[in-house]
Amino acid sequence: MAAPEQQNHLVSHSQRSHNRIIISDMADDVVERIASFLPIKDAHRLSVLSRRFRYSWKFCRDFSFDRNFAENLSKDEFKNIVNNFFHHHSNPSADRFRLYFDANGETVLISYWIASAVRLGINELELDFTPSGKMFTLSYELIDFESIKTVKLVNCELHLPFNSNGLSHLRDLTFEHVRAHPVSIQAIFVNCLALRTLQLINCGFVFDLKIPSLGSKELNDVILDITYPRRFQLISHRRDMMISLAYVKSLKISSTFLEGLCARFEENEYKEVDFYLWKLKEFNLVVARESYINPSDIVIFLKKCPQVERVFIDVS
């Protein structure tokens, strides 16, 4: 009778053989469909491993030409790969398009890539132009399509007329280091009635932002991150901004933002910002390394959140 170790080895070997048989017995169209959900970088790797998968990248639905993909590629190599991909892509639909790219002098090419992805019905779009240095000016018309539900823009300048219905289908929106006129941001709040998640990270327009009441919307999660607390303390509508978040259920803010909400000396007395987050269930605080926030500031804030159940504090 085989020893327990031998039995385990036989069982493991049998399982591996069974797995190989299952994969080898799959029809090509089934294998291609499974492979189509891999990110493009993984699909390319798969095509090198076996002749059976050599064309699987053509059916990829995940166009993640992101930071991970761009690693160790020159700008010209990156452009050639992406151009070749869109030229030979054979799947009639796609899920997401992520781009990490130096946009300097490439407006026409970027517009072509975005338009090509949008025509395939993508629902998630992420454009990160950090390598460009300066901000890339993005026309909202390039991304204003009903299929797109999730948008993340990094190092962009966006113009959206207030009287347009642009981006009204969005559910999740992230702006990081984005420059936009307050009118454009107001238009987004007016138009995006289905917005569930909002993240504003290092966006200067936050200081000029007057968010309308969000109580009638589906917005549940908000992330607000700013760099200069003193400038935030000086704006006159801090209270209005916080009141507009009264029905948000999950809020994540930086310690810098919380510093901006702290009581300040005004008219010979310390005055707190008068607001309550009545529906807040989860609070996340990211404490910067050089932060002046203290435990009492956090306690004062939480007293204004009577329904909060979960508190997370992340010390960088």
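Trainee: What makes the pair serine 255 and serine 291 a polar contact?

Mentor: The distance. In this predicted model, the side chains of serine 255 and serine 291 are joined at 3.4 Å. The cut-off for N or O atoms is 3.5 Å, so the pair counts.

Trainee: Which backbone atom lies 3.0 Å from a polar atom of the serine 255 side chain?

Mentor: The backbone nitrogen of alanine 288. Serine 255 also has a wider set of contacts beyond four places in sequence: Leu285, Val286, Val287, Ala288, Ser291 and Ile293.

Trainee: Why is serine 255 called buried?

Mentor: Its relative accessible area is 1%. Buried means under 20%, so serine 255 qualifies. The residue lies in helix H10, residues 255-261.

Trainee: How far apart are serine 255 and isoleucine 313, in sequence and in space?

Mentor: They are 58 residues apart in sequence. C-alpha to C-alpha, the distance is 9.6 Å.

Trainee: Leucine 261 is in H10 too. Why does leucine 261 count as buried?

Mentor: Its relative accessibility is 7%. That is under the 20% limit, so the label holds. Leucine 261 and arginine 239 are 22 residues apart in sequence, with their C-alpha atoms 8.8 Å apart.

Trainee: What does H10 have to do with helix H11?

Mentor: H10 is one of the elements that the buried residues of H11 pack against. The others are helix H9 (238-243), strand S9 (250-254), strand S12 (282-287) and strand S13 (310-315).

Trainee: Which residues of H11 are buried, and how do you know that they line one face?

Mentor: H11 covers residues 295-302, and its buried residues are Asp297, Ile298 and Phe301. Down the axis of H11 they fall within an arc of 100 degrees, so they line one face of the helix.

Trainee: Now helix H5. How does its span compare with the expected value?

Mentor: H5 runs over residues 75-88, which is 14 residues. From first C-alpha to last it reaches 20 Å. The expected span at 1.5 Å a residue is 20 Å, and H5 is close to that.

Trainee: Which residues of H5 are buried, and why are they placed on the same side?

Mentor: Phe78, Lys79, Val82, Phe85 and Phe86 are the buried ones. They cover an arc of only 130 degrees around the axis, which puts them on the same side of H5. The face turned away from that buried side carries the exposed residues Asn80 and His87.

Trainee: A lysine is on that list. Why is lysine 79 called buried?

Mentor: Its relative accessibility is 18%. The limit is 20%, so 18% passes. Beyond four places in sequence, lysine 79 touches Phe101, Glu106, Leu109 and Trp113.

Trainee: What does phenylalanine 65 contact, beyond its neighbours in sequence?

Mentor: Its partners are Ile40, Phe78, Val82, Phe85, Phe97, Arg98, Leu99 and Tyr100. Among them, Phe78, Val82 and Phe85 are buried residues of H5.

Trainee: What is the place of Phe65 in the largest nonpolar core?

Mentor: That core has 78 residues. Phe65 is among those with the most contacts inside it, along with Phe97, Leu153, Phe175 and Phe301. Helix H6, residues 107-119, gives the most to this core, with 6 residues.

Trainee: What makes asparagine 72 stand out?

Mentor: Its phi is near 70 degrees, a positive value in a residue other than glycine. Most residues other than glycine have a negative phi. Asparagine 72 sits in the loop between helix H4 (67-70) and H5.

Trainee: Why is asparagine 72 called exposed, and histidine 177 partly exposed?

Mentor: Asparagine 72 has a relative accessible area of 75%. Exposed means over 50%, so the term fits. Histidine 177 has 39%. That value is between 20% and 50%, so the term is partly exposed. Histidine 177 is in strand S6, residues 172-180, and has a positive phi of about 50 degrees.

Trainee: How do you know that some stretches need caution?

Mentor: Check the pLDDT. The protein averages 80, and 76% of the residues score at least 70. Over residues 6-21, however, the pLDDT is below 50. That stretch has 3 contacts in the model beyond near neighbours in sequence. Where pLDDT is low, the predicted coordinates should not be read in detail.

Conventions:
Residues numbered from 1 in each chain as written. Heavy atoms only, no water. Core = buried A, V, L, I, M, F, W, Y, C linked by side-chain atoms within 4.5 Å. Buried < 20%, exposed > 50% of the residue type's maximum accessible area, 1.4 Å probe, protein only. Helix = DSSP H or I, 4+ residues; strand = E, 2+ residues; numbered from the N terminus. Contact = heavy atoms within 4.5 Å. Expected span 1.5 Å × (residues − 1). Arc of directions from axis to C-beta. Polar contact = N/O pair within 3.5 Å; in protein donor to acceptor, adjacent residues only side chain to side chain. pLDDT = per-residue confidence, 0-100.
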